[in-house]
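Here are my notes on the model you passed along. I've kept them as numbered points so you can check each against the coordinates.

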Amino acid sequence: MTEDCIFCAIVAGRAPAHRVFEDERVLIFMDLFPAHAGHTLIIPKQHATDLFEVGAEDLAAVVAQSKPLAAALERVFDCDGIAVIQLNRAAAGQTVFHYHMHLIPRNAGEPFGVHGKRQAPAERLAEQAARLREVFEPAG
Ligand code: AMP
Ligand code: ZN
C-alpha cells in the first residue's frame with residue numbers, strides 16, 4: 001500500500017467508494033466521474049502503478065472479472081457495447097497511478113470519451129452499484 005494513493009485508500013476503507021465486488025485480489029467500484037452511466041473500474045488490491053508493474057496473477061484476476069462485469073453491465077444498463085480501456089503513464093492519459101481497467105458501457109452513435117467531466121451524485125452511484133451487485137456473478 002502507498003500512503004498517497006487514492007485507490008489504496010479505497011481498498012483500505014479510508015476513502016469512500018461504491019463497491020460492486022471484491023475478493024482477496026481485486027476490487028470493482030463505480031468511477032466517480034463516469035464517461036457514461038455504469039462506468040466501472042477493476043483494480044488489484046495490491047498496489048502497482050501500471051501495466052509495467054502489475055503482477056501476472058493480479059492482472060489475470062482483473063481480466064477474469066472483466067467478463068462477468070461486462071455481462072452485468074449489459075443487463076443493468078442495456079447498452080449496445082462496452083469499451084475496455086486501460087491507460088499506462090501520464091503520456092497515455094493515466095491520471096490515477098494505481099493499475100486499473102475501465103469498463104464503459106457504450107451506445108451506438110454516442111460520443112466517446114474515457115474521462116467524464118462531472119462528478120456523479122453519490123445516490124446515483126450507490127443505486128447503480130446495488131443493481132450491479134444483484135446480477136454480478138464472479139468468475140472462478
Ligand atoms: P485513468 O485516467 O485511466 O488513470 O483513470 C482514473 C479514473 O479514476 C478516472 O476515470 C477517474 O474518474 C477515476 N477516479 C478518480 N478518483 C476516484 C475516486 N475517488 N473514486 C472513483 N473513481 C475515481
Ligand atoms: Zn495504490
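The points below go through the metal site, the pockets, the salt bridges and two backbone oddities.

1. Before anything else: this is a predicted model. Keep that in mind for every distance, angle and volume quoted in these notes.

2. The zinc site. Which protein atoms act as donors to the zinc ion (ligand 2)? There are two cysteine sulfurs, SG of C5 and SG of C8, and two histidine nitrogens, ND1 of H47 and ND1 of H98. They sit 2.0 to 2.3 Å from the zinc ion. Along the chain, the donor residues follow the spacing C-x2-C-x38-H-x50-H. As for where they come from, C5 is in the segment before α1 (6-12), while H47 is in the loop between β3 (40-44) and α2 (56-77). That pair is 42 residues apart and links distant parts of the chain. C5 and H47 are both buried.

3. Geometry at the zinc. The four donor atoms subtend angles of 104 to 117° around the zinc ion (ligand 2), so the arrangement is tetrahedral. If you want a reference for a force-field setup, the ideal value for four tetrahedral donors is 109.5 degrees.

4. The largest pocket. It holds about 470 Å³ of space and has a lining of 25 residues. Lying nearest the centre of this pocket are F7, D31, L32, F33 and L41. In terms of secondary structure, α1, β2 (26-30) and α3 (122-135) each put at least two residues into the lining. The largest share comes from α1, with three residues. What is the chemical make-up of this lining? It splits into 15 nonpolar residues, nine polar and one charged.

5. The second largest pocket. Here the space comes to about 390 Å³, and 20 residues do the lining. P34, A35, H36, G116 and K117 are the closest to its centre. This time α3 gives the largest share of the lining, with three residues. The lining of the second largest pocket consists of nine nonpolar, eight polar and three charged residues.

6. Salt bridges, part one. How many salt bridges does the structure hold? The count is five. One of them pairs the side chains of E22 and K45, at 2.8 Å from N to O. E22 belongs to strand β1 (residues 19-22) and K45 to the loop between β3 and α2, so to speak a link between distant parts of the chain, 23 residues apart. E22 counts as partly exposed because its relative accessibility is 40%, and K45 also counts as partly exposed, at 22%.

7. Salt bridges, part two. R25 is worth a look, with E57 and D58 as partners. For E57 and R25, the closest N and O atoms are 3.1 Å apart. E57 lies in helix α2 and R25 in the loop between β1 and β2, so this salt bridge ties together parts that are 32 residues apart in sequence. For D58 and R25, the closest N and O atoms are 2.7 Å apart. D58 is in helix α2 too, and this pair spans 33 residues. Are these partners buried or exposed? E57 counts as exposed, at 57% relative accessibility, whereas D58 is buried, with a relative accessible area of 9%. R25 itself is partly exposed, at 31%.

8. A salt-bridge network. R19, E22 and K45 are joined into one network by salt bridges that share partners.

9. Backbone check. Two residues have a positive phi without being glycine: D78, at about 50°, and R89, at about 75°. D78 is placed in the loop between α2 and β4 (81-85), and R89 in the loop between β4 and β5 (101-106). D78 counts as exposed because its relative accessibility is 64%. R89 counts as partly exposed, at 46%.

Conventions: Residues are numbered from 1 along each chain as its sequence is written. Chains are lettered from A and ligands numbered from 1 in the order in which they are written. This is a predicted model: local features need pLDDT of at least 70, side-chain atom pairs count only at pLDDT 80 or more; totals for chains, interfaces and linings use all residues. Side-chain values use heavy atoms; hydrogens and water are left out. Donors are N, O and S atoms within 2.8 Å of the metal (3.2 Å for Na, K and Ca); water is not among the atoms, so sites may look incomplete. Four donors count as tetrahedral if all angles lie between 85 and 135 degrees; four count as square planar and six as octahedral if opposite donors are over 155 degrees apart and all others between 65 and 115; anything else is irregular. Helices (H or I, at least four residues) and strands (E, at least two) are DSSP runs, numbered from the N terminus. Buried means under 20% relative accessible area, exposed over 50%, partly exposed in between (1.4 Å probe, protein chains only). On a 1 Å grid over the protein atoms alone, a cavity is a set of points where a 1.4 Å probe fits but cannot get out, and a pocket is an open set with protein on both sides within 12 Å along at least five of seven lines; lining residues have an atom within 4 Å of a point. Grid points are joined across faces, edges and corners, and a volume is the space filled by probe spheres set on the points. Ala, Val, Leu, Ile, Met, Phe, Trp, Tyr, Cys and Pro count as nonpolar, Asp, Glu, Lys and Arg as charged, and the others, Gly among them, as polar. A salt bridge is a side-chain nitrogen of Lys or Arg within 4 Å of a carboxyl oxygen of Asp or Glu.
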